[in-house]
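Visitor: Please show me how to read a chain's fold and surface from its atoms.

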Amino acid sequence: MILLPVGALQNLTSRELDLVIAHESAHNRRRDLLIFTFADLMNASHWFNPFAWLASRKLRSECEMACDD
């Protein structure tokens, strides 16, 4: 299920809406939610390690870029 803000359907063109749906579907196909959950668990157990936080931030950024492609 993809949830959109209330005004999204009025403010987006059909092409933009298709791109949003394709992007979010890519997250689903790649199982990014599972990966993000694992990263969050690692951050919770290594909260004191700044490298864990940096790695998590980089992971999320790369996932977003991959879904944009």
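Guide: What follows goes from the fold to the surface patches. This is a predicted model, in which local features need pLDDT of at least 70, side-chain atom pairs count only at pLDDT 80 or more, and totals for chains, interfaces and linings use all residues. Residues are numbered from 1 along each chain as its sequence is written, and side-chain values use heavy atoms, with hydrogens and water left out.

Visitor: How many helices and strands does the chain have?

Guide: Helices (H or I, at least four residues) and strands (E, at least two) are DSSP runs, numbered from the N terminus. The chain has four helices and zero strands, in the order α-α-α-α along the sequence.

Visitor: What radius of gyration does the chain have?

Guide: The radius is taken over C-alpha atoms, and the globule rule is 2.2 Å times the number of residues to the power 0.38. The chain has 15 Å, where a compact globule of 69 residues would have a value near 11 Å. Its C-alpha atoms fill a box of roughly 45 × 25 × 20 Å along the principal axes.

Visitor: Is Glu-24 buried, partly exposed or exposed?

Guide: Buried means under 20% relative accessible area, exposed over 50%, and partly exposed in between (1.4 Å probe, protein chains only). Glu-24, in helix H2 (residues 14-30), is partly exposed at 34%. Ile-2, in the segment before helix H1 (8-11), is partly exposed at 37%. Buried residues make up 19% of the 69 residues in the chain.
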